[in-house]
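User: I am new to this structure and would like to understand the reasoning behind the terms used for it. Could you take me through it step by step?

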Amino acid sequence: MAPQIQTKAPVKFDFQGVLVSQIIGFVYLEALKQPFVIDPAILKDDRLVSFRFDSSNGDLKTFWENFLSSLDLSVERKNGVDFVAPIKASKASEAAMEISVYKPRFRAGSYLVSLLSPLFKTGGFTISRAVHQTSTDKKSPTEAPPGTASALIDQESDTLVFHGTKEEIAVLNALLPQVDIQVGEIFAKAVVFEVSTGETDSSAFELAINLLNGKLGLAISGTSALANSISIKSPSFNSALSALSGDTRFKAISTPQVRIKSGSQARFTVGQDVPTLGAINYAANSSQPFQSIEYKSSGVILSLSPTVRDAVIDMSIEQQISDFAKTETGVNNSPTLTKRQITTNISVADKELIVIGGLKQNKETATHNGLSFLPKRLHANSINTSQTEILLLLQVEKISN
């Protein structure tokens, strides 16, 4: 009697978006049916893979070895057990790896790491971590315990250590002098004028143009009746300041001068911090509420945030004139903040003079004139209307590095 030949049942797989370790375990348990060991590094592999296989179109073992190889995984059989592990770099490749140490001259180490890391596939910086600090959260370097959340956050360092191939280190050494350059700085000079104008006077902006035209002989083109800012490239700041200060209607209420680094902010406050009512809070383990107090600034506030580029200087400007008054409506125990504020973003050239206006305020004052013993109906009553406007004179100059 001839022996019976058993035909293996066809094997079919169709996986969509499955973890690598799960696919390996399933194939060995359900199809290959042989002992196996998965390297711990593969269990941490979060890659998702998809594939479809039909044994009627090819051999499973051949397909399986090719599939693992495409994932940089190898299979080594020892005593009938398959050991699946990542393909290790050869000793020759490991020997080709070198270490380069660099001390940043001008830029922060975290800035250089985030800028250059994407360029290298094999090597990397030792301080590159999973989470990057923001510029406002930079602290002195500390050694965080391994496995903690702090260990995932970049810490500022004064030394960069790069481990990579000889070719990568050559590229790194060529790039570092080009990107580790001094941050641009500017010197800003500003004057905040409060201009008094009557009903028949022009706006403060138009008055400023007329004064600059008359006293400095400037031919300012490109302005219109609707404009509220101009830029002048020729005169000095002191000349323009003298031309405007000579008119009694122009009162300088703030004259700040400061040196600012690109990407930073300079803030000037001439005034006072006034306590105001804040939110109502509850102490821990207590139902007793308490009223918080917040201090808010008032007066003349000017904020400048420059970004120095090769051809221009981008400026973010915030100008505020504010004061507090007794609250007539709403929360009577907290004063009311009245303010005039302008926020704008402009691009200026080096040493360019900027004049910005448009913040107006009207006031009406009632006066009574007459002898005290006469009836009030015989008094002379009048209402005086006054108008003030805020004008900003600003000049920024690049500081040579």
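Analyst: In this predicted model, a good place to begin is the meeting of two helices, where Ile23, Ile24, Val27, Tyr28, Ala31 and Leu32 of H1 are in contact with Leu60, Lys61, Trp64, Phe67 and Leu68 of H3. Sorted by kind, the residues of this contact comprise 10 nonpolar, no polar and one charged.

User: What makes H1 roughly antiparallel to H3?

Analyst: The axes of H1 (residues 20–32) and H3 (residues 60–70) come within 13 Å and cross at roughly 170 degrees. Because angles over 145 degrees count as roughly antiparallel, H1 is described as roughly antiparallel to H3.

User: Which residues of H1 are buried?

Analyst: In H1, the buried residues are Val20, Ser21, Ile23, Ile24, Gly25, Val27, Tyr28 and Leu32. Just after this helix, Lys33 takes a positive phi of about 50 degrees, and Gln34 lies in the loop between H1 and strand S2 (36–38).

User: Why does Gln34 count as buried?

Analyst: Gln34 has a relative accessibility of 16%, and buried means under 20%, so Gln34 counts as buried.

User: What makes the link between the side chains of Gln34 and Asp82 a polar contact?

Analyst: The side chains of Gln34 and Asp82 are joined at 2.7 Å, and the cut-off for a suitable pair of N or O atoms is within 3.5 Å, so this pair is called a polar contact. Leaving aside residues up to four places away in sequence, Gln34 touches Tyr28, Lys61, Arg77 and Asp82.

Terms used: Residues numbered from 1 in each chain as written. Predicted model: local features only at pLDDT ≥ 70, side-chain atom pairs only at ≥ 80, totals over all residues. Heavy atoms only, no water. Buried < 20%, exposed > 50% of the residue type's maximum accessible area, 1.4 Å probe, protein only. Helix = DSSP H or I, 4+ residues; strand = E, 2+ residues; numbered from the N terminus. Polar contact = N/O pair within 3.5 Å; in protein donor to acceptor, adjacent residues only side chain to side chain. Contact = heavy atoms within 4.5 Å. Axes fitted to C-alpha atoms, helices over the stretch in contact; angles between N-to-C directions. Parallel < 35°, antiparallel > 145°, perpendicular 65-115°, else oblique. Nonpolar A, V, L, I, M, F, W, Y, C, P; charged D, E, K, R; others polar.
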